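Colleague: I have not looked at this one before. Can you put it up and take me through it?

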Amino acid sequence: MSNTRPCGSAPGWPHRAAEATMLLVLLVLLSLARSASGQAGCQAAEPAQNLSQPPYSGAANSNADADFLMPFVRSFLYTVQPHPFPEDIILKIIKNPEQVVSNQEEIKEILVYEVGFLVCIAIGILYIFLMPIIGLFMACCRCCGNCGGKMYQKQTSSIHCLRRTLYFSVFGFTIIIFAGNVCMFRSNEALKVTVDQSPLALKNTIGDIHLFLASVPKQVDDVVSESHRTVEKVTRNLDDIGRQVGGKIQQRFKGTLYPALQSVRLLHQESLNTSDRLDKLNSSLAQLQSSLDRVQANVSAVRDRINQTLSKPDCNGCHYLKEDMQTLTVDTTISAPSLHEFQSAVDEVIKADLQAKIREAEEYNRTIPQKVTNETEDLVQKSKQQLDDIKQQISKVSSELRLSDLNNVTGTLDQVQHNIDSVLPEVKRAEGIRWSVGVFLCCVVLLVVTCNILGLVLGPLGLSPLVDPTNRSSTSNCGGIFLMMGAGFSFLFSWLFMILVLLLFLLGGNMHTLICRPWNDGQLLKFLDTSGPKLGLDLGLKSNISDIYRDCEKNQPLWTTLRLYELVDLGELLNVSKYTALIREQFESTNITLSSFNLLSPEIKKQLANISAKATNFNSTAVTQQMNDILRINLNTTADKIDLLARNQSGSTAVKDELQSEALTLRQIQADIEVTVFPQVRNLNSSIRSLQSTTGKINGTAGEALSKVGAAQDFLNTNTTQIVKTESRSFLDCQVDYFAVYIDWAKTMVTQQLGRCRPVARAVDSVEVVLCVNMVESLNAFWFSLGWCLMFFIPSIIASIKLAKYYRRMKYSDFIDNHITMNHIPRAQFKIT
C-alpha cells in the first residue's frame with residue numbers, strides 16, 4: 001500500500017513540478033534579458049574628436065657659416081646707425097615721395113638720420129680718390145729717383161732695430177689682412193649656400209602656407225560634416241523611433257506585465273495538471289464503483305438464497321438469522337458533490353484557454369513598436385524637414401567665415417611661387433657670376449697677402465747683415481720685390497674694391513638697419529600696424545599685425561587671432577534652438593495612443609475566482625468516510641453465523657448443506673473484496689489526499705494570478721499614457737542632446753582649434769632667416785671682411801715699402817768711418833743631402 005502512487009503520478013512529482021516551474025521562470029527571464037539587451041536605446045551623445053592639424057615642414061634653418069661675424073658687423077652698424085627705426089620718414093616717403101624729394105627740410109631730416117652712413121661714404125670716397133692718386137704720385141716719384149726711389153740705404157746704428165720693427169709690423173698687418181681674407185672666402189661661400197638653399201626654404205614656407213590655407217576650409221568642412229553626421233544619426237533614430245520608444249515602453253511594462261502573464265501561465269499549467277488528476281481520480285472511482293456493484297450483486301444473490309433456505313420449515317432456529325440477512329448488504333453509493341463542483345470549475349478554466357489570453361497579451365506587447373511607428377509617421381516626416389533646415393543653417397558657417405577670401409591669398413602665393421620658379425634660373429646664373437667675382441676679389445686680396453708673406457720669408461732668408469747692401473743676395477732682393485709687389489697690387493686694386501665695399505655697405509647696411517633690425521625687435525610689425533589702418537582694412541583684419549604674429553607664435557586659432565568674433569556671431573550662426581523647439585512642439589502635439597487591452601475578461605476572472613472558491617470548499621471528508629466504510633466490510637462474520645446455524649441442523653441435511661455452501665460463498669466474496677476492492681479503495685484514498693494538497697496549491701496560484709493580473713491591468717489602465725509621454729519626451733531629449741553636444745563641440749573647434757596659425761609665424765620667421773640671418777648677414781660679412789682688408793692695406797703698404805729697402809740690392813754704398821759693429825742676423829743654411 002505504501003508504494004501505491006495516486007492517480008498514476010510519478011514519484012516525487014511535486015518536487016519535479018517545482019523544478020519545472022523554476023526552469024520555466026529562468027527561461028522567461030533569460031528571454032527578457034536577451035530582448036532587453038537587443039533593444040538599442042537612445043545612447044548618450046559623444047563629442048567628436050579634435051580637428052586634425054596638417055603636418056608642416058617647419059621654419060627655415062639659419063646657416064651656421066653666415067653668422068660668424070654677426071656680432072662685429074652688428075656692432076659696427078649700430079655704431080654707424082644708432083638711431084631708432086625712422087617711422088615718420090618712411091611714412092612720408094610712402095605717402096608722397098615727390099614731395100619728400102622737393103622738400104629741403106625733409107631731405108635734411110633724411111641726411112641727419114643717415115649721417116653715420118654719410119660719414120662712412122665720405123671716408124670711402126676719400127679712400128677711393130686718395131689711394132690711386134697717392135699710388136700714382138708715389139710711382140712717378142720713385143720713377144724719378146725720389147721718395148725712396150734712389151737705391152741707396154744709409155747705414156745707421158739703429159738700422160737693425162728699424163728693420164725688425166718694420167718686419168713685425170708687416171707680419172702683423174699681413175696676418176690681420178689674411179684673417180679678413182679668410183672671412184671673405186667663408187662669407188662668400190655662405191652667401192652662395194644661402195642663395196642655393198633659399199628657393200627650397202621659400203618653397204617649403206609657401207607650401208606650409210598653402211597647406212595651412214587649405215586646411216582651414218577642410219577643418220570648417222569637418223565641422224559642418226560633423227553636423228551632417230549628427231543629423232543623419234538623429235534621422236536614423238527617428239526612423240527607428242518605433243523600436244527605441246516602443247522598446248522602452250516594453251521595458252516599463254515588463255515589470256508588471258510579465259509577472260502577471262507568468263502567474264497566469266503557471267495557473268494554466270496547474271489547471272491542466274489538476275484536470276489530469278481529476279480525470280484519473282474519476283476513472284478510479286468508476287472502476288471502484290464497478291467493483292462494488294459487482295460485489296453487491298453477488299451479495300444480493302447469496303442473501304436471497306440464504307433467505308430461501310431460512311424459510312424452509314425443516315430449518316431449525318433459522319428465524320434468528322433473518323434479521324442479520326436484512327442487514328447483509330454492501331453500500332455501493334460513493335458520492336462527492338464538492339469533487340464534482342471542483343471538476344466543473346477546473347473544466348471552465350481550461351475551456352477559457354488561458355494560453356490564448358497569454359498569447360494575446362504577448363502579441364499586444366510585441367506590436368507596441370509597430371504601433372508607435374504608425375502613430376509617429378507624420379511626426380517623423382515633419383521632424384526630418386526640420387533636420388534639413390538645421391543642416392542648411394549650419395552649412396552657412398563656411399560662407400559667414402568668408403573662406404572664399406583665402407582663394408585670393410592662395411592665388412597670390414601661387415603667383416609668388418611661379419615668379420620664384422621663373423627667375424630661379426636667372427638667379428642661379430647671376431649667383432654663379434657673383435660667386436666668381438667674390439672668389440676673384442678674395443684671390444686678389446690673397447695675392448697681396450701672398451706677396452707680403454713671400455717677402456717676409458725670402459727677405460730674411462737671403463739677408464746677410466754684414467754684407468754690403470749693394471751685394472745682397474738674389475733671395476733677399478726677391479723678398480724686397482715681393483713686398484713692393486704687394487704694395488703695388490694694394491694701390492692698384494684697393495680703390496676699385498672700395499667702390500664695391502661702399503655699394504655693398506649701402507645695400508646691406510641699410511637693409512640691416514631699416515629691415516632686419518626692426519624686424520627682429522618687432523618695430524617693423526608695429527610700423528605696419530601704425531603705417532595706416534588701410535593695410536588692416538585691405539587685408540580684412542581687425543587685429544594688429546604684431547598681435548597676429550604674437551598670437552600665431554603661440555599657435556592660437558584664427559578665431560582669436562583675427563578677432564573673428566567681431567565679424568561673425570557664432571552663437572547665432574549655430575543657434576538651432578528654433579528648429580529643435582519646433583520638433584519638440586510637434587512631439588508634444590502628437591499623441592501616441594496605445595489601445596486599451598484587457599488581460600483577462602470578467603468572465604475569466606469570475607472563473608478563476610470560482611476555481612479558487614471551489615478549491616477552498618473542496619472537502620474530501622465524506623468521500624474518505626465512505627472509503628473507510630468500504631474498508632470495514634467483513635462478510636466472514638455473517639458466514640460464521642451461518643456455519644454455526646448449519647452445524648445445529650440435525651434434522652435436515654439438505655438445509656445444512658445449503659447453509660454451509662452459502663457461508664462458503666460469502667467467504668469467497670469477502671476474499672474477492674480484499675483482493676480487488678480494498679486496494680482500489682486505498683489507491684483512491686491516496687489520490688484524494690494528493691488532490692486535496694493540489695487544491696490548496698491551485699487556490700494560491702489562482703489568487704496570485706488574480707492579484708498580479710489585477711495589478712498589471714490597473715498599471716496599464718492608469719500609467720500607459722504617462723509612460724508613452726515620458727518615453728517619447730526622453731527620446732526627444734536625447735535627440736536634442738545630440739545637437740547640444742554638437743553645438744558645444746563646434747563652438748570649441750571653431751574658437752579653439754580652427755586654423756592654428758603657427759605656420760604663419762613660422763613663415764614670417766623663415767623669410768627673416770632666409771633674407772636677414774642668412775643672406776643679408778652673409779653679404780654684410782663679405783663687405784665687412786673686404787673693408788677690413790682694405791683699411792689695413794694702408795699701413796701694410798707703408799710698412800712694406802719701408803721694409804722692402806732693407807732687402808733689395810742697393811746701387812750705392814754707404815761707408816761708415818768709425819767701423820760701427822753691425823749686429824749679425826743669421827742666415828738660413830740649406831743642407832744638401
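Modeller: Start with a salt bridge: the side chains of Asp 672 and Arg 294 meet there, at 2.7 Å from N to O. Keep in mind that this is a predicted model.

Colleague: Which parts of the chain does that pair link?

Modeller: Distant ones. Asp 672 is in helix α25 and Arg 294 is in helix α8, which covers residues 241-310. The two residues are 378 residues apart.

Colleague: Are they buried or exposed?

Modeller: In between. Asp 672 has 23% relative accessibility and counts as partly exposed. Arg 294 is also partly exposed, with a relative accessible area of 36%.

Colleague: How many salt bridges does a search of the whole structure find?

Modeller: The search finds 12 salt bridges. One of them joins the side chains of Arg 434 and Glu 431, again with 2.7 Å from N to O.

Colleague: How far apart are Arg 434 and Glu 431 in their helix?

Modeller: They are three residues apart in helix α14, residues 405-462, so about one helical turn separates them.

Colleague: And which of those two is buried?

Modeller: Glu 431, with a relative accessible area of 7%. The cut-off for buried is under 20%, and Arg 434 has 24%, so Arg 434 counts as partly exposed.

Colleague: Any others worth a look?

Modeller: Arg 243 forms a salt bridge with Asp 240, and their closest N and O atoms are 2.7 Å apart. Arg 243 is partly exposed, at 35% relative accessibility. There is also a network of salt bridges that links Asp 640, Asp 643 and Arg 667.

Colleague: Change of topic. How many cavities of 30 Å³ or more are there?

Modeller: A search of the whole structure finds three. The second largest cavity has a volume of about 60 Å³.

Colleague: What lines the second largest cavity?

Modeller: Its lining is made up of Val 234, Leu 238, Thr 580, Ile 583, Phe 587, Leu 732, Gln 735, Val 736 and Phe 739. The elements giving two or more residues to that lining are α7 (159-239), α21 (577-589) and α25 (653-753).

Colleague: Which element gives the most?

Modeller: α25, with four residues. That is the helix that also holds Asp 672 from the salt bridge with Arg 294.

Colleague: How does the lining divide into nonpolar, polar and charged?

Modeller: Seven residues of the lining are nonpolar, two are polar and none is charged.

Colleague: What about aromatic rings? How many pairs does the structure hold?

Modeller: There are 13 aromatic pairs. One aromatic cluster is formed by Phe 76, Phe 117, Phe 173, Phe 505, Trp 783, Phe 784, Trp 788 and Phe 792.

Colleague: Where does the charged end of Lys 192 sit?

Modeller: Over the ring of Trp 435, at 6.0 Å from the centre of that ring.

Colleague: Back to links between distant parts of the chain. What is the C-alpha separation of Val 216 and Arg 756?

Modeller: The C-alpha atoms are separated by 8.8 Å, while the residues are 540 residues apart along the chain. Val 216 lies in helix α7, and the residue is buried, with a relative accessible area of 2%.

Colleague: And how far apart in space are Val 349 and Ile 604?

Modeller: From C-alpha to C-alpha they are 7.3 Å apart, with their positions 255 residues apart in sequence. Val 349 belongs to helix α10, residues 337-351. Val 349 is buried too, at a relative accessible area of 1%.

Colleague: Where is Leu 528 found, and is it buried or exposed?

Modeller: Leu 528 is in helix α16, residues 523-530. Its relative accessible area is 29%, so Leu 528 counts as partly exposed. Leu 528 and Glu 87 are 9.5 Å apart in space, C-alpha to C-alpha, and 441 residues apart in sequence.

Colleague: Last one. What is the phi of Asn 555?

Modeller: It is positive, about 60°, although Asn 555 is not a glycine. Asn 555 is found in the loop between α18 (545-553) and α19 (558-561). With a relative accessible area of 16%, Asn 555 is buried.

Conventions: Residues numbered from 1 in each chain as written. Predicted model: local features only at pLDDT ≥ 70, side-chain atom pairs only at ≥ 80, totals over all residues. Heavy atoms only, no water. 1 Å grid on protein atoms, 1.4 Å probe; cavity = no way out; pocket = protein on both sides within 12 Å on 5 of 7 lines; lining within 4 Å. Points joined across faces, edges and corners; volume = space filled by probe spheres on them. Nonpolar A, V, L, I, M, F, W, Y, C, P; charged D, E, K, R; others polar. Phe/Tyr/Trp six-rings, centres within 6.5 Å; stacked < 30°, edge-to-face > 60°. Lys NZ or Arg CZ within 6 Å of the ring centre and 35° of its normal. Salt bridge = Lys/Arg side-chain N within 4 Å of Asp/Glu carboxyl O. Buried < 20%, exposed > 50% of the residue type's maximum accessible area, 1.4 Å probe, protein only.
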